[in-house]
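Trainee: Please take me through one part of this model in close detail, beginning with the chain as a whole and then settling on a single helix and its surroundings.

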Amino acid sequence: LDKIPTWREENRSNDKEEEGEELTGGGGLSDKVSLYKGDITVLEVDAIVNAANSSLLGGGGVDGCIHKAAGSCLYDECHSLNGCETGKAKITCGYDLPAKYVIHTVGPVARGHVGPTETNDLTSCYQNSLRLMKENGLSTVAFPCISTGIYGFPNEPAADIALNTVKSWIEENPDKITRVIFCVFLETDFAIYKKKMSVMFQDN
Ligand code: AR6
């Protein structure tokens, strides 16, 4: 985790290094979030979030990558969980992953449509994942862009939901979470998150 800069650190090295500007304090919102582009299965965090389906028995996309990297014990534990409803989340061990736990959440099947149901369900995915973090005393987590792949949730509104929900949660639970990594896989999502985070996390 030390290798992944916080949003504050990243923006300091980009913009302010040459000016030699001293940074004050810390502990702001931008110290608690990171934008990382790449494979979520390599991240050494307390928990990575899986964009699963309601069977929890694996599939394609990030779900397939996580099951492959975690090994068959993950499948066995998932098999014992009796599935998961859309918007809900369940936690398992991380097995062969560097992450200690996997939080499996089921995003809405949007197929390009964003209505109140899709919006509420995707918001619930982030909230219920963060709630499980809190209940299990975990402090570092990485989220993929839930529902934006096979489930077809448009990228831009999905990023708004992810960022706003996480931001509110950190503000309401300031002592619980020390780092949330937004783990994007595609260049389009990287650009969307970068633009939005620059506006939302300005205390750097
Ligand atoms: N690390 C991080 N992000 C990834 C990785 C990875 N290794 N691989 C893909 N992504 P998707 P969904 C990104 O389709 O839309 C499965 O079959 C990907 O580029 O994985 O919620 C499940 O079993 C995209 O940005 O999840 C379900 O049936 C994001 O992860 C269904 O897909 C989510 O894309 C869930 O669909």
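Mentor: Of the contacts in the protein chain between residues at least 6 apart in sequence, 73% join residues at least 24 apart; two residues are in contact if their C-beta atoms, placed from the backbone, lie within 7 Å. The model is predicted, and local features need a pLDDT of at least 70, side-chain atom pairs count only at pLDDT 80 or more, and totals for chains, interfaces and linings use all residues. Residues are numbered from 1 along each chain as its sequence is written.

The protein chain contains 6 helices and 6 strands, where helices (H or I, at least four residues) and strands (E, at least two) are DSSP runs numbered from the N terminus. Read from the N terminus, the order of these elements is α-β-β-α-α-β-β-α-β-α-β-α. The radius of gyration of the protein chain is 17 Å, close to the 17 Å given by the globule rule for 204 residues, so the chain is as compact as a globular protein of that length. The radius is taken over C-alpha atoms, and the rule is 2.2 Å times the number of residues to the power 0.38. Along the principal axes, the C-alpha trace spans about 55 × 35 × 30 Å. Of the 204 residues, 42% count as buried. A residue is buried if 20 or more other C-beta atoms lie within 10 Å of its own, exposed if 12 or fewer, and partly exposed in between, with C-beta atoms placed from the backbone.

The part chosen for the close look is helix H2, residues 61-70, in which Val 62, Asp 63, Ile 66, His 67 and Ala 70 are buried. These residues cover an arc of only 135 degrees around the axis, which puts them on the same side of H2; the arc is that of the directions from the helix axis to the C-beta atoms. An α-helix has 3.6 residues a turn, so residues three or four places apart point the same way. The buried residues of H2 pack against strand E2 (47-52), helix H3 (72-79) and strand E4 (101-106).

The two ends of H2 also merit attention. After the helix comes Gly 71, with a positive phi near 95 degrees. Before it, in the loop between E2 and H2, is Leu 56. Leu 56 has a phi near 60 degrees, a positive value in a residue other than glycine. Most residues other than glycine have a negative phi. Leu 56 counts as buried because 24 C-beta neighbours lie inside 10 Å.

H2 is also involved with the ligand. The ligand is surrounded by 25 residues, the closest being Ala 51, Asn 53, Gly 59, Gly 61 and Gly 149; a residue is near a molecule or strand if its C-beta atom, placed from the backbone, lies within 6 Å of it. E2 and H2 are the elements that give two or more residues to this shell, and H2 gives the most, with 4 residues. The shell divides into 13 nonpolar, 9 polar and 3 charged residues. Here Ala, Val, Leu, Ile, Met, Phe, Trp, Tyr, Cys and Pro count as nonpolar, Asp, Glu, Lys and Arg as charged, and the others, Gly among them, as polar.

The strands on which H2 packs can be considered next. E2 and E4 run parallel and are joined by 6 bridges; two strands pair if DSSP finds at least two bridges between them. Asn 50 has His 104 in E4 as its bridge partner. Strand E3 (residues 89-93) runs antiparallel to E4, with 5 bridges joining them, and Ile 91 is partnered there by Ile 103. In E4, 6 of 6 residues are buried. Both faces of E4 are covered, with Tyr 101, Ile 103 and Thr 105 on one side and Val 102, His 104 and Val 106 on the other.

Helix H3, the remaining packing partner, contains Tyr 75. Tyr 75 counts as partly exposed because 15 C-beta neighbours lie inside 10 Å. Neighbours within four places in sequence left aside, Tyr 75 is in contact with Leu 57, Gly 58 and His 67, the last of which is one of the buried residues of H2. Beyond this helix, in the loop between H3 and E3, lies Asn 82. Asn 82 has a positive phi of about 60 degrees although it is not a glycine. With 9 other C-beta atoms within 10 Å, Asn 82 is exposed, whereas Leu 56 is buried.
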